[in-house]
Amino acid sequence: MNRRRFLGLGASVLGAGAVAAVAVPSAAYLFAEGRPGRLLGSDLALPAAFQVPLPVPAVLQPVRSDGGGDYYEITQQVAKLEILPGVRTEAWTYGGTFPGPTVVTRSGRAAVVKHRNQLPVPSVVHLHGGHTPADSDGYPVDLLLPVGSPDPAASGSAASATDGMAGRAGMAGMAGMAGMRHMSGHTLVGERTHTYPGKQRAATLWYHDHRMGFTGPGVWRGLAGFHLVQDDEEAALPLPRGERDLPLMLADRSFAADGSFKYPAADASSAKPGVTNDFMNGVLGDVILVNGAPWPRLDVDRAHYRLRLLNASNCRLYRLELDPQPAGGDALVQIGSDGGLLAAPVAHDGIEIAPAERFDVVVDFSRYQPGTQVRLVNRFGSGRTTEVMRFDVSSRAVDDDAKVPDKLSTVEQLDPAAVVATRDFAFRRSGGDGWTINGDPYEPGRSLAAPALGRVERWRFSTDVHHPVHVHLDPFQVVARNGKGPGPWDAGWKDTVDLRPAETVEVLVRFGDYAGTYMLHCHNLEHEDMAMMADFTVG
């Protein structure tokens, strides 16, 4: 299997990654199981399941508030964390924890978040699901260099950011580099402020690293956190709240013998992006973490709980079920999707969730007898990865006035008759060109589409293998899979949709408020890092 190494914009750990071309292994080798990824085994003994209490990320408090909004500060820093019991793991973190602190904001009110980079590498922060101006969206080469790095604006050239970047901007084979936004104007040192105007409904969002060519290892090492948007409509509903409203970040990881995160980078120095041949279809860990804890447990009342499920894994798909199922089934009552509340609840026995997707579900634990141990299991897993976490049902009497109403929200339905353009995006493995969209690897600054503000378009995504497709700026509505209706997990506003092998999914999308360059890409992070991204320009 002859694989050419990926080229980077930078030749040191302070460089932004960019991809060139790659010769890939055979389809039979990569995709024998029909689902993405290859298992990376840990090198140390793994703990027993259900021994660690479920941690809940702390809510970040604003440093100040005024009539213009709420202001937050987050320091990106290296931290030694006890993820596996008795083992210290070096993580890249937001605020010293994994997951990072939860940012809770109000619809209609701006949130201004200042990030300070004290990591040994550049970073880029993307608010996933955020309706965000382009300059705060987290374009992958809008780098935030670590505190103390040379100022790239000093000489007016991106190459001055580090000595290792010298001459890279004009490298042969880096098509499209001349058309990309000039990095000296968008690369900052030390601190960057992101403004999120809050022009969106209540939803479960998340923020994560989005650096060109290195999103996979950045998220794998800990750069992820929740961002919850609240609004009056949702607050008026009798849904579970407080300690019974739980964000649950699912993430698989593997560990080296010394306790560090194990990751199959193609270049041990992290100077160039990509993973080794065997892992080109994604990296699967053998430890399932929930909110950063391995196979945790939680004592629950016999009451309704809201579970905000986020798949923050690099490439792992989950089919989540409760075991045992309550009498009558329909254990997971979905109330929300990526973009907020559904019009009405949808009951499921199980939920299939791809990387970056979110499902808000309500579970009524009063349907179980006191003392029941209810496992959240992954039917797509094998061995230890079939277990996710456990809920231990209490025997004490509690008050519970929460319920799921028959009507949740008035959700606007985009009108197919209003479509002004239809666009096709083919997500493919392409011979020597690696992972591509419409036959080409990513070229920063080259737009594949120019949708007009406020106009409805039909976008068709087609695939060879599994690709969870994410669109920035605004959510979309799934209207068809392979010429039929939407699938059972496609309801509501989505910003990420799972495309199964040899499948075509059609969505309606409308971009509003903010002109500029945004992205669509595969959220299998190894695919993304190896060129499966594209720009579109809204105007």
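Which residues is His-348 in contact with, leaving aside its neighbours within four places in sequence? In this predicted model, the contacts of His-348 are Asp-330, Ala-331, Leu-332, Gln-334, Pro-488 and Trp-489. His-348 belongs to strand 21, which covers residues 340-348. With a relative accessibility of 7%, His-348 counts as buried, because the limit for that class is under 20%. The side chain of His-348 also takes part in a polar contact of 2.9 Å with the side chain of Gln-334; Gln-334 thus appears both in this polar pair and in the list of contacts.

A second region of interest is an open sheet. Five strands make up this sheet, in the order 27-26-28-32-30, and their pairing is mixed. Its edges are formed by strand 27 (435-437) and strand 30 (476-481), each of which pairs on one side only. On average, and with direction ignored, neighbouring strands of the sheet are turned by 20 degrees against each other.

Within this order, strand 28 (residues 456-463) stands between strand 26 and strand 32. Strand 28 is mostly covered, with seven of its eight residues buried. Towards strand 26 (residues 419-429), the pairing of strand 28 is parallel and extends over eight bridges; Ala-426 has Ser-462 of strand 28 as its bridge partner. Towards strand 32 (residues 504-510), strand 28 pairs in the antiparallel sense over seven bridges, and here Arg-460 is matched with Glu-506 of strand 32. Strand 32 is in turn joined to strand 30 by five bridges, again with an antiparallel course. In that pairing, Phe-476 has Val-509 of strand 32 as its bridge partner. Both senses of pairing rest on a common principle: strands of a sheet pair through backbone hydrogen bonds, either parallel or antiparallel.

The packing of nonpolar side chains was also examined. The largest nonpolar core holds 90 residues, of which Phe-391, Trp-459 and Phe-461 touch the most other members. When residues up to four places away in sequence are not counted, Phe-461 touches Phe-425, Phe-427, Val-469, Val-471, Val-497, Leu-499, Glu-503, Thr-504, Val-505, Val-507 and Leu-520. Apart from the largest core lies another core, of 18 residues, which includes Ala-111, Val-125, Ala-203 and Val-229.

Technical notes: Residues numbered from 1 in each chain as written. Predicted model: local features only at pLDDT ≥ 70, side-chain atom pairs only at ≥ 80, totals over all residues. Heavy atoms only, no water. Buried < 20%, exposed > 50% of the residue type's maximum accessible area, 1.4 Å probe, protein only. Helix = DSSP H or I, 4+ residues; strand = E, 2+ residues; numbered from the N terminus. Pairing = 2+ DSSP bridges. Core = buried A, V, L, I, M, F, W, Y, C linked by side-chain atoms within 4.5 Å. Contact = heavy atoms within 4.5 Å. Axes fitted to C-alpha atoms, helices over the stretch in contact; angles between N-to-C directions. Polar contact = N/O pair within 3.5 Å; in protein donor to acceptor, adjacent residues only side chain to side chain.
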